[in-house]
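Visitor: I am new to this structure and would like a close look at a single part of it, the empty space enclosed inside. Please take me through that part slowly, and then through what surrounds it.

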Amino acid sequence: MKRTIYDADHESFRGSVAAFLDREVKPNLEEHAANKALPREFWLGAGAQGFLGLEIPEAYGGSEAGDYRFNAVLTEELNKVNAALGSCVGIHADITAPYLVELGTEEQKQRWLPGVASGEILLAIGMTEPSGGSDLAALKTTAVRDGDDWVINGSKTFITNGYSADLVITAVRTSPEKGARGITLFAIPSDAPGFSRGRKLDKVGQDESDTAELFFTDVRLGDDHIIGDLDGGFIHMMQKLPQERLGCAISNTAHATQILLETLEYTKERQAFGAPIGTFQHNKFLLADLFTRIEVTQAFIDQCVIAHDSGDLTSVDAAKAKWWSSQIQNEVIDHCVQLHGGYGFMNEYRVARAWRDARVSKIWAGSNEIMKELIGRDLGL
């Protein structure tokens, strides 16, 4: 079914993104995986093309698209290459940058946003803690007032871009007695005394992304590093999570679609018992099933993009998009592995790496179980 949410400008932008990826990224994928990180040259190149500033006003060096469909196009093209690329860029440009744009002071915007748009300042967001997981209200990292400063102690884990980030938007507890309403967001520079990183975490998949533990030991910052309202961090995060979850849904669907298309071609070429394996009735019916699942999922995600672009996407619909698309992605790619047979279990085959990369999508940005809990509550249960 023909998609109708994009116009000629979006497709022209898609061509620019695809050309950049073909030229600058695809030849270096093995190096990215070996280093467990995207090099700074990638970020600077993406910034020079205007890909990192879609959420940032022109006054601060961004391209200020003002149309979330451009974000969606960028996300789709990145995930056609691999899921890690979409994850790293999404964290920087689509998830973390809006906190600075929408909540930052004028001084903060001038200080950080030009570098964010150019790729000179790499962003990460510090929510998850070793003991917390999806329970953001239970975080233990603290900021205690000491004169004119705040002294921050604690740790974060599973932080995408964490090993390379120059600035981490970090959720900390400033008023323990207030529970969830006592959390504040701080922009913590990586060169702040007391900031340190653990090793690059050895993940099951998404080798190309750097994921790290972060530690804060008596990190001393002033009020000029608070993002948004004091003790308003939990509300700020809840307001921003729908876009994060929609971005995940776009990523999941684009990634699964690309691997399915490649698998279809494989089933047309791979011979068994004197015929292409795609012509066997079981495989033919399976592929019909998988393509239908993907197209139906895509139709829902497209409607969510339209709703978000007009300011109408609810947190519940974003939760539906996130859990459903991640479930479909994992089911589809698992079948793609099976269709590749033994080759599907070999890391040199893209489908094997995609299978590993996809698994985390049912966990991050709020586990699928948490998404269903949110939807169930909305049903009055």
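**A close look at enclosed space**

Guide: The second largest cavity is lined by Val17, Phe20, Leu21, Phe42, Ala46, Phe51, Leu52, Leu74, Leu78 and Val89. Please keep in mind from the start that this is a predicted model. The space held in this second largest cavity comes to about 50 Å³, and the search of the whole structure that found it reports two cavities of 30 Å³ or more. Rolling a probe the size of a water molecule over the atoms shows where empty space is left.

If you look at the kinds of residue around the second largest cavity, you will find ten nonpolar residues in its lining, with no polar and no charged ones. Three helices, α1 (8-25), α3 (40-48) and α4, each give at least two residues to this lining, and α1 makes the greatest contribution, which is three residues.

The largest cavity makes a useful companion to this view, with a volume of about 80 Å³. Its lining is formed by Phe51, Leu54, Glu55, Asn71, Leu74, Thr75, Leu78, Val89, Gly90, Ala93 and Asp94, and the elements that supply two or more of these residues are α4 and α5 (83-103). Phe51, Leu74, Leu78 and Val89, which you have just met in the lining of the largest cavity, also appear among the residues that line the second largest cavity. In the largest cavity, however, the lining divides into six nonpolar, three polar and two charged residues, whereas the second largest cavity has no polar and no charged residues in its lining.

From α4 you can go on to an open space, the second largest pocket, whose volume is about 520 Å³. Helix α4 (68-81), together with α7 (233-269) and α8 (281-309), is one of the elements that give two or more residues to the lining of this pocket, and α8 provides the largest share, nine residues. The pocket has 21 lining residues in total, and those lying nearest its centre are Met1, Arg3, Glu295, Gln298 and Asp302. Sorted by class, the lining of the pocket contains nine nonpolar, five polar and seven charged residues.

Two of the residues nearest the centre of that pocket, Arg3 and Asp302, lead you on to a network of salt bridges, in which they are linked with Glu11, Arg14, Glu76, Glu77 and Lys80. For the whole model the count comes to 26 salt bridges, and a few individual pairs are worth following with care.

One such pair is Asp67 and Arg69, whose side chains meet in a salt bridge at 3.0 Å, N to O. Asp67 counts as buried because its relative accessibility is 12%, under the 20% limit for that word, while Arg69, with a relative accessible area of 21%, is partly exposed.

A further pair joins Arg111 to Glu107 through their side chains, in a salt bridge of 2.5 Å, N to O. Because these two residues are four residues apart in helix α6 (residues 106-118), about one helical turn separates them. Arg111 is partly exposed at 29% relative accessibility, and Glu107, with a relative accessible area of 42%, is also partly exposed.

In helix α7, Glu265 and Lys268 are three residues apart, about one turn of the helix, and their side chains form a salt bridge at 3.6 Å, N to O. Glu265 has a relative accessible area of 37% and is therefore partly exposed.

On the surface, you can look for a nonpolar patch formed by Tyr343, Phe345, Met346 and Trp355, which together have about 410 Å² of accessible area. Within that patch, Phe345 sits in the loop between α9 (315-340) and α10 (350-358), and it counts as exposed because its relative accessibility is 59%.

Finally, Ala33, in helix α2 (residues 29-35), is buried, with 19% relative accessibility. Ala33 and Glu208 are 175 residues apart along the chain, yet their C-alpha atoms are separated by 4.1 Å.

Technical notes: Residues numbered from 1 in each chain as written. Predicted model: local features only at pLDDT ≥ 70, side-chain atom pairs only at ≥ 80, totals over all residues. Heavy atoms only, no water. 1 Å grid on protein atoms, 1.4 Å probe; cavity = no way out; pocket = protein on both sides within 12 Å on 5 of 7 lines; lining within 4 Å. Points joined across faces, edges and corners; volume = space filled by probe spheres on them. Nonpolar A, V, L, I, M, F, W, Y, C, P; charged D, E, K, R; others polar. Patch = residues over 30% accessible without salt bridge, like charges linked within 9 Å, V, L, I, M, F, W, Y side chains within 5 Å. Areas by Shrake-Rupley, 256 points an atom, 1.4 Å probe, with all protein chains shown as cover. Salt bridge = Lys/Arg side-chain N within 4 Å of Asp/Glu carboxyl O. Buried < 20%, exposed > 50% of the residue type's maximum accessible area, 1.4 Å probe, protein only.
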